[in-house]
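User: Got a minute to go through this one with me? I'd like to talk about rings, cysteines and helix packing.

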Amino acid sequence: MAVLEKVKATQAAAPSAMPLDSILRGDCIAHMKALPAKSVDMIFADPPYNLQLAGELFRPDGSHVDAVDDEWDKFDTFAAYDAFTRAWLAEAHRILKDNGTIWVIGSYHNIFRVGTAVQDLGYWILNDIVWRKANPMPNFRGTRFTNAHETLIWASKGEKAKYTFNYRSMKTLNDELQMRSDWEFPICGGQERLKKNGTKVHPTQKPEALIYRILLACTKPGDIVLDPFFGTGTTGAVAKRLGRRWIGIEREGDYIDAAKERIAAALPLDESSLATMQSPKQQPKVAFGVLVENGYLTPGAVLTDAKRRWKATVRADGSLASPCGKSGSIHKLGALLQDAPACNGWTFWHHETADGLKPIDTLRQTYLLATQP
């Protein structure tokens, strides 16, 4: 079945009461209570961290640090925070499908309390993922180690649950190596960071690359993803790009306005790209270097993308080098040149033939036909 047909089938099977691809304004617990049981394939939650910040923070030059001081992050006591956490996690468990999973991100301020609640409510923790920030904010007071990571909990509904994990996609994304539980991404910045009148729209906006990896790992095209703390819509924008359905819940009007504008501008990937991401487990494994070793491509050969915007030279070890000085595997270099979170090098890079440009995946298929029994 084609990818788009799968998406349409999922849409038809979705409960009629599901507010797909929309943002629900208000309290997340109340809105989750209104959703049908076992109706959501995955939940990504970025709840308040209850940061317990002591006073304002200033850089050595005297400038003010734009930290989280919003009312939505403040709780009177740990007991109040724990009660809130258990309430929304309980509703999340009810609306999650039996084969669904939940991701919760947090810092040292809250993630251990969240983890206790996750286990007490019957979830089964599959992994804890460390997001290592490539460019963390320094510790300006010089009283502690620089806080350079956040922790994500990935859990199923129970120990015996049959959950989705796209192992092959994760391995392809990671240059044919098993994906580890320590991920490195920069904090959200540059053009991706949403600002209004020079000020951050949301103080803890997450990078799209982080959500991209999570959705690619644990969902399929057409799956329904819920984000009960939607913020400025990172989950919705990435879900739209990857052909997933989404539901967001958010209280703050400014965040909702920014999220709607952002999601409207997100361009979904075409069907062939989505199909490539869902590569079958039985697909034989061939490293790009094997093609070089066997003479299907020789060191010094020049590859380009389909529109000849970028080019790279094949090196003896199977890596690629671009004229701009960047280098890496076929996947890594393709992502670097496009400033994208990921790239399937097999379909991105092309080689010159008598019939014009062809994806290097055609060489892989030729090699497989020649070597497979």
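Analyst: Sure. One definition before we start: exposed means over 50% relative accessible area, buried means under 20%, and partly exposed is in between. Also keep in mind that this is a predicted model.

User: Okay, cysteines then. Is C324 buried or exposed?

Analyst: C324 has a relative accessible area of 53%, and the cut-off for exposed is over 50%, so C324 is exposed.

User: And what about C218, buried or exposed?

Analyst: C218 is buried, with a relative accessible area of 3%.

User: How many disulfides does a search of the whole structure find?

Analyst: Zero disulfides turn up when the whole structure is searched.

User: Switching to rings. How many aromatic pairs are there in the whole structure?

Analyst: The search finds 12 aromatic pairs. One of them is W154 with Y163: their ring centres are 5.5 Å apart and the planes sit at 85 degrees, so this pair is edge-to-face.

User: Why edge-to-face?

Analyst: Because planes over 60 degrees apart count as edge-to-face, and W154 and Y163 are at 85 degrees.

User: How covered up are those two?

Analyst: W154 is buried at 5% relative accessibility, while Y163 is partly exposed at 34%.

User: Give me another ring pair.

Analyst: Take Y296 and Y367: with centres 5.6 Å apart and planes at 85 degrees, the pair is edge-to-face. This pair links distant parts of the chain, 71 residues apart. Y296 is in the loop between α10 (288-293) and β11 (302-304), and Y367 is in helix α13 (residues 361-371).

User: Are Y296 and Y367 buried or partly exposed?

Analyst: One of each. Y296 is partly exposed at 27% relative accessibility, and Y367 is buried at 16%.

User: Which residues do ring pairs link into a cluster?

Analyst: The cluster consists of W103, W154, Y163, F165, Y167 and W183. So W154 and Y163 from before are both members.

User: What about charges over ring faces?

Analyst: I can give you two. K133 lies over the face of W131, 5.2 Å from the ring centre. R364 lies over the face of W346, at 4.3 Å from the ring centre.

User: Helices next. How many residues of α6 are buried?

Analyst: Helix α6 (residues 208-218) has 11 of its 11 residues buried. The list includes E208 and R213 along with C218, the cysteine we talked about.

User: And how many in α7?

Analyst: In α7, seven of the eight residues are buried, so the helix is largely enclosed by the rest of the structure. Among the buried ones are T234, G236 and R241. Just after α7, G243 takes a positive phi of about 75 degrees.

User: How do α6 and α7 cross?

Analyst: Their axes come within 9 Å and cross at roughly 55 degrees. That makes α6 oblique to α7, and α6 passes α7 in a right-handed crossing.

User: What angle does α7 make with α8?

Analyst: About 15 degrees, with the axes of α7 (residues 234-241) and α8 (residues 253-265) 9 Å apart. So α7 is roughly parallel to α8, and α7 passes α8 in a right-handed crossing.

User: And α3 with α4?

Analyst: Helix α3 (residues 78-95) packs against helix α4 (residues 111-120) at an angle of about 45 degrees, with the axes 10 Å apart. α3 is therefore oblique to α4, and α3 passes α4 in a right-handed crossing.

User: Where is F230?

Analyst: F230 is in the loop between β9 (224-227) and α7, and F230 is buried, with a relative accessible area of 3%. Its C-alpha atom is 9.3 Å from that of L24, although the two residues are 206 apart along the chain.

User: Last topic: which residues other than glycine have a positive phi?

Analyst: Two to look at are D21 and K38, with phi near 55 degrees for D21 and near 50 degrees for K38. D21 lies in the loop between α1 (3-13) and β1 (22-25), and K38 is in the loop between α2 (28-33) and β2 (40-45).

User: How exposed are D21 and K38?

Analyst: D21 is partly exposed at 32% relative accessibility, and K38 is partly exposed with a relative accessible area of 47%.

Key. Residues are numbered from 1 along each chain as its sequence is written. This is a predicted model: local features need pLDDT of at least 70, side-chain atom pairs count only at pLDDT 80 or more; totals for chains, interfaces and linings use all residues. Side-chain values use heavy atoms; hydrogens and water are left out. Rings of Phe, Tyr and Trp (its six-membered ring) pair if their centres lie within 6.5 Å; planes under 30 degrees apart count as stacked, over 60 as edge-to-face and the rest as tilted. Buried means under 20% relative accessible area, exposed over 50%, partly exposed in between (1.4 Å probe, protein chains only). Helices (H or I, at least four residues) and strands (E, at least two) are DSSP runs, numbered from the N terminus. A charge sits over a ring if NZ of Lys or CZ of Arg is within 6 Å of the ring centre and within 35 degrees of the ring normal. A disulfide is a pair of cysteine sulfur atoms within 2.5 Å. Axes are lines fitted to C-alpha atoms, for helices over the stretch in contact, and angles run from 0 to 180 degrees between N-to-C directions. Angles under 35 degrees count as roughly parallel, over 145 as roughly antiparallel, 65 to 115 as roughly perpendicular and the rest as oblique. A crossing is left-handed if the near helix is turned anticlockwise from the far one by less than a right angle, and right-handed if clockwise.
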